[in-house]
Amino acid sequence: MPAERVPEGTRRAPWRAWLLPLLALGMGCVFTAYLWNELRVRNHERAAERFKTDVRALAEQIEARAHLAAALLAAGAGLHEASDEVTDGEWRSFVASLRLTETHPGVTGYGHVAPQGTGGLAVRIEPGDAAVRTSLAGALRSDPGLREAMLRATRVDAPHLSAPIAPATAGGADALFFMPLYQRQLPHHTPQKREHAASGHVFLMIDAGQLVGAVLAGREPGFSYTLDDAGGIREPSRVLLQHGQDGHPGSRAGLAVHEQTVAIPMYGRVWRLHARAAPDYGLASPVSQEVLPVGAGLATSLLLALVVYLSQRTRWRAEALADRMTRDRDASRRRFERIVAGTTDGAWELQVESGECYLSPRFQELLGVTIDAASVDAKWFRARLHPDERAAVTAAFRAMLGGAAGMDCRVRMRLGSGGFRWFRIRGRLFHEDGLRFAAGSVADVHDEHEAGLRERRLLKVIETIPDMYITFDAAGRPTYMNAAARRVLGSAAAGALAGRAAAGGGDWRHGAPPAAPGEAWSGETALLTASGEVLPVSQVILSHRDAGGGVEFYSTVVHDISERKAAMEALARAQARLQRALDGSSDGIWERDVASDSFFTSDRLAEILGYRPADMPRTRAAWRALNHPDDIAVSDAAVAQLLASNETVQWETRMRTGSGLYRWMRRRGRAVRDATGRAVTTAGTLTDIHDARLAQDELRVHRDNLARLVDERTAGLLQARRDADLQRDRAEAARRLAERANHAKSEFLANMSHELRTPMHAIISFAGFGVERVDRVERDRLAHYFRNIQKSGARLLDLLNDLLDLSKLEAGKMTMSLAPVDLPELLAESIGEAEAFAQSRRVRIRLAPGGAAGRPRWDAKRLLQVLGNLLSNAIKFSPPEGEVVVAVRPLAFADTGTTAAAGIEIRVRDQGIGIPENELEAVFDKFAQSSKTNNGAGGTGLGLAICREIVQAHGGTIRAENNSAGGACLVVHLPVVPAAAVRDADADSPVAADA
């Protein structure tokens, strides 16, 4: 056999030996290039995700700052609602207490604006000087964006942010934030009523730069950004703040820059945050992260090529020994197969020089393959290895060839089904006949490896959870603590198991163990921390037992409940206080959720009605059924009023108790509303008033019986008394009539003195100015004096004419010249005379379609006077851009006698603030004006009194009423032919019919 050996180095390797190494090197380079590109793409994706998270966080913090500003506005509005008038000093103190620059960066000023005079505005701003206030007042009058923001805030009854404004307008602010204020005595539950009831606004001056600077807290972001106002359909977007360069950040190796745009809702406006960042945003040394894997891949490729080359060379050098080794190997293989046939591991053998490999049947079974022994070699074996383990196996194999004791590797190998599975490969090097053989075993460790991997992942999760996790041996000594437990307990973890004894449950270390494996105990305990503090916790302890049922170890999860304990204790104290108050009260408490129609009732209420708490009705229908049938309508009306009103509603009904009897109950309630004004909850009390009501009814019956007995026994005395009372009433009526006449005379003289004195004083004053300054005053000024004298004289003449007309009408000496009247022409003439006054007040006059036919017999001049007065009043008290509507229609009309004739109704409607219900009749009294319309708009208070006299002289009526949509309406009913014209004309009659 030694003669057959081929001396080493006598043959050279053929050129084909270089093909596989070069191919391995090329494949390694391709894989390295792929790995490098994947690293670059993943780094770019990580940077993009971090960039988006940072931009969204910045946008959310800006929005949160806007919510803080809205709460600040609500505080200012609350100050104004709580006080009839807030002085400048109070406002300065309030704003100073807020410490705007310290607690609300981005808010540069806090102010209040309210209408003043005709078209004027009163503005106060803190901090701010007179120049800032003047600039703001001008902007609030002229800037349509600011006016629109104030109007929208009033209509929706919520804070509203204005469009961006010029920085010079408001001391550097970018926008103003408005909150509406209302007059407390006026309703404001609809947009129209809120506009009418608005008394001003509180506002904040918002600086976008300071706002974003406060959010960033001095830390400049690693990206450039632009903050702008999105504008609207007719409004372009405007830049509020810009940070960084406008151009694209530099891109690296073809990777795109990151861009993100986030819309931020800002109370009626939308701000947009547009950000841009470089491809490697937020990454530390991205180039080095890519270079190191690339270098490792190239080195691995070179090493693999070298290994392949050495393997090829070794194989070629061993070919000469193939025949002899084959015979020996076959014999050895048969022996070896017999040895390992009964084992669970597979066996392998490799002839180092030739590369010939042998795999036992068990090895093939583990891999799930069936192969011919002649086709198995080192190349086939390497191809089965996972690419990530090839280098490690090669290194271990070389170490074994270099003299190491052996190799022991855990690798993944590809199965016949295509997947990979973990195996443990062990081997040693043997020398025989000058040849080297590597042989060993392979074992399936896949399940063991996966279990270890799951254990490591679970341990990582346990280390990062906020709760404490601890394991103990059977004696209660801690064997493992996670980071949270080490941080809180230090070395005092032994108490975490023993601490459960404080809950009264005993200790599993003492006494009988739990009956079943995995049995758990849970409860609340208190532990002693490393700092010596007592920490309340909730704890779960689980026993883990061996196959024999003995405790192997314990595990526990401990959760800190100190905050929950404190909150629960505070809640318990509050509930105890509330319960004491309820127990001391004789009333029951109820609450209803309107949306779900569910009721809550206190135990005291159930006790009052005589039911168990569990049997109390829980719906509106069930509560309604408890009412006495005669009282259901009262209850329904009260509930409807409760849902529609903001006031406390009280009503009394009989309710069926648990005994089946009805008892009188008094219920009080009030509605709680959401931001839209919708009632979401109603709540109140229930009081048993049955005994008091019965006593009241019994007292009323006794009183009635007593009155009847007294009446029966004193009938004669009562008659005499009635006669005396009649005489006394007549005397009293005469006295009251005299007093009323005297009071009317005094009131008339007082009103007349005032009305006459005012124009007369103006005439005398301006005449005096003219006499004193006629020689030195300019002609224009002198003409101004004469015009004022003329105006005051005209007013005085109108007053005297009204007084004369009224006195003639009341005395019956005003002659009415009745003649056929063209009604459309009369209406057109009256509207034409009032048109100039309406245009000066920016009010429209509209004649409603329709009308009445015929030619009524009226005094056209007097009816024109009535229409002129009604139109003048309607225009005077209508808001700018308002509308006065004149409507005419026919109607059946009956006079005070027995003759019925056709009539005509004339309505004059305005859109003003209306007339109080209790003053609808009083406005027709002399010198009387409505308390709502008595606002300095002018007038003597005689116009409507004269109108009533003229209308009554025609046999008609006049009344005032309020429109359902707002404003007042004066209604005139006139017969087509007055009764005085139907009868024969009387020479002494004040109303003469024209032939």
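The questions and answers below look at one residue, one helix and two nonpolar cores of a predicted model. In this predicted model, local features need pLDDT of at least 70 and side-chain atom pairs count only at pLDDT 80 or more, while totals for chains, interfaces and linings use all residues. Residues are numbered from 1 along each chain as its sequence is written, and side-chain values use heavy atoms, with hydrogens and water left out.

Q: Why is Arg 269 called buried?
A: Buried means under 20% relative accessible area, with exposed over 50% and partly exposed in between (1.4 Å probe, protein chains only); Arg 269 has 13% relative accessibility, and therefore counts as buried.

Q: What makes the pair of side chains of Arg 269 and Asp 229 a polar contact?
A: A polar contact is a pair of N or O atoms within 3.5 Å; within protein, one must be able to donate a hydrogen and the other to accept it, and residues adjacent in sequence count only if both atoms are side-chain atoms. The two side chains make such a contact at 2.6 Å.

Q: How do you know that the span of helix 24 agrees with its number of residues?
A: The expected span is 1.5 Å times one less than the number of residues, so the 17 residues of helix 24 (residues 860-876) should span 24 Å, and its end C-alpha atoms are indeed 24 Å apart. Helices (H or I, at least four residues) and strands (E, at least two) are DSSP runs, numbered from the N terminus.

Q: What makes a set of residues a nonpolar core?
A: Such a core consists of buried Ala, Val, Leu, Ile, Met, Phe, Trp, Tyr and Cys residues joined through side-chain atoms within 4.5 Å. The largest has 47 residues, and Tyr 110 and Trp 271 are among those with the most contacts inside it; helix 1 (residues 19-82) gives the largest share, 12 residues. Apart from it lies another core of 42 residues, including Leu 826 and Val 884.
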